[in-house]
Amino acid sequence: MQTKIVKINDVREQEKDFEEAGAVIRNGGLVAFPTETVYGLGTNGLNAEACAGIYRAKGRPSDNPLILHVCDRAMVDVVAAEVTPLAEKILAAFCPGPITMLLPKRSAVPDSVTGGLGTVGVRMPDNDTARALIRAAGVPVAAPSANISGRPSPTTAEAVVADMEGRISVILDGGPCRFGVESTIVDCTGDTAVILRPGAVTREMLEEVCSRVEMDPALVGADTVPRAPGMKYTHYAPKAPLTLIHGKPEMLAEAFTKKIREEKSTGKKVGVIVSRGLAEKLKEVLPAEVIAVYGTQGNYQEIAAHLYEALRSFDHKDVDILLGEATEEDGLGLAIMNRFRKSAGGRIIEV
Ligand code: TXA
Ligand code: MG
């Protein structure tokens, strides 16, 4: 399949491009598009056969449900059988924005979208290209992240091309994504907002708007279980195995240097994903091309926006192992570490 790449410079001037891409979606084809979080791989969310095409293109297990993307409040009612008072609060406070609400699904939503569940994930992206595409399609757009299953999500059109060229019809190139980690997923079916996946709308932000906020215990539990390499399902994984190092900032340079020397002495080629400050200190033990900088220490916005690119930057580099600098887990740090731990298959060294 020939993949057409369309650069989006001005949403209002490019009506024809959106009409074309919208028709592809309506007719069940696959279009990758930018959102404020990561690039999505979209198709007609009311068409079961079209959704099956998403699973094929990604190599995704079919019991993993898809999020439906809407362009406005009216479209929420097309997919959700009920918009709970909690969901109305979240809509008013955060939408459009990087949040997905789980709501009771309407029967028009195929089982292949929800993996047979009674709820549907609904999200209104805060990105003009995304919403113009959904509006042009005229249907809710089912879209997972536009990566091959298990790989880091794409935050640039180039990353989408790397995974999806030849597998899908169109890629809308809207430049790099603003947030860089996927939306916060919140179960909104009851009175308590239950966070199933942390994201850019943080627990602290939700607490200001909703009277009760909880974390899904499975989320916390799953993240504390260490995983044997290659034995268990790893997500957001770079091609070389990654281990994280966590500790006080002043201890990190020594801890990284020691570990790098250890690995090198056994003949391994090492790469690192670290903050700018630590990168400077590691230049003595590593060549610059295997040092990926994800941002400034403590600047979670910057780190979230560059994490997946940093992981993907090693795809074509000759390294045997990767070491990553863990962040703290307050605010957006929780979403960053949720992804980074999965990239590392749970391997983390405390110093
Ligand atoms: O920011 C995002 O959410 C991006 C952009 C493209 O919008 N999308 C995204 O989709 O991250 P995906 O498919 O990579 O992740 C969706 C997650 C999956 O972990 C899936 O299991 C969960 O949402 N999910 C979707 N519907 C669900 C449901 N009804 N119940 C529980 N989990 C659900
Ligand atoms: Mg994904």
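In the predicted model, E262 and K258 both belong to helix α10, which spans residues 249-265. The two residues are four positions apart, about one turn of the helix. Their side chains form a salt bridge in which the closest N and O atoms are 4.0 Å apart. E262 counts as partly exposed because its relative accessibility is 40%, whereas K258, at 57%, counts as exposed.

This pair was considered together with the other charged contacts. A search of the whole structure finds 24 salt bridges. One further salt bridge joins the side chains of E88 and R73, with an N to O distance of 2.7 Å. This contact links distant parts of the chain, since E88 lies in helix α4 (residues 85-94) and R73 in helix α3 (residues 73-79), 15 residues apart. Both ends of the bridge are partly exposed: the relative accessibility is 34% for E88 and 30% for R73.

A salt bridge is also found between the side chains of R131 and D126, at 4.0 Å from N to O. R131 has a relative accessibility of 16% and therefore counts as buried, the limit being under 20%. D126, in contrast, is partly exposed, with a relative accessible area of 31%. R131 and D126 also take part in a network of salt bridges that includes D128 and R178.

Charged residues also appear in a surface patch. E204, E328, D330 and E350 form a negative surface patch. Of these residues, E350 is located in strand β16, which covers residues 348-350. With a relative accessibility of 55%, E350 counts as exposed, because the class begins over 50%.

Aromatic contacts were examined next. The count comes to two aromatic pairs. In one of them, the ring centres of Y236 and Y308 are 5.5 Å apart and the ring planes meet at 20 degrees, so the pair is stacked. Planes under 30 degrees apart are assigned to this class. The pair links distant parts of the chain: Y236 is in the loop between α9 (217-224) and β12 (242-246), while Y308 is in helix α12 (residues 300-312), and the two are 72 residues apart. Y236 is buried, with a relative accessible area of 5%, and Y308 is likewise buried, at 0%.

The aromatic pair formed by Y294 and F340 is edge-to-face, with 6.2 Å from centre to centre and 65 degrees between the planes. This pair, too, connects distant parts of the chain, with Y294 in strand β14 (residues 291-295) and F340 in helix α13 (residues 333-343), 46 residues apart. Both Y294 and F340 are buried.

Helix α12 also contains L311. L311 counts as buried, its relative accessibility being 0%. The C-alpha atoms of L311 and I273 are separated by 7.4 Å, although the residues are 38 positions apart along the chain.

A second C-alpha separation concerns N44, which lies in strand β3 (residues 40-44). N44 is buried, with a relative accessible area of 8%. N44 and V186 are 142 residues apart in sequence, and their C-alpha atoms are 23 Å apart in space.

Conventions:
Residues are numbered from 1 along each chain as its sequence is written. Chains are lettered from A and ligands numbered from 1 in the order in which they are written. This is a predicted model: local features need pLDDT of at least 70, side-chain atom pairs count only at pLDDT 80 or more; totals for chains, interfaces and linings use all residues. Side-chain values use heavy atoms; hydrogens and water are left out. Patches are made of residues with over 30% relative accessible area and no salt bridge: like charges are joined within 9 Å, nonpolar side chains (Val, Leu, Ile, Met, Phe, Trp, Tyr) within 5 Å. Accessible areas come from the Shrake-Rupley method with a 1.4 Å probe; for residues, only the protein chains shown count as cover. Lys and Arg count as positive and Asp and Glu as negative; His and the chain ends are not counted. The place of a charge is taken as NZ of Lys, CZ of Arg, CG of Asp or CD of Glu. Buried means under 20% relative accessible area, exposed over 50%, partly exposed in between (1.4 Å probe, protein chains only). Rings of Phe, Tyr and Trp (its six-membered ring) pair if their centres lie within 6.5 Å; planes under 30 degrees apart count as stacked, over 60 as edge-to-face and the rest as tilted.
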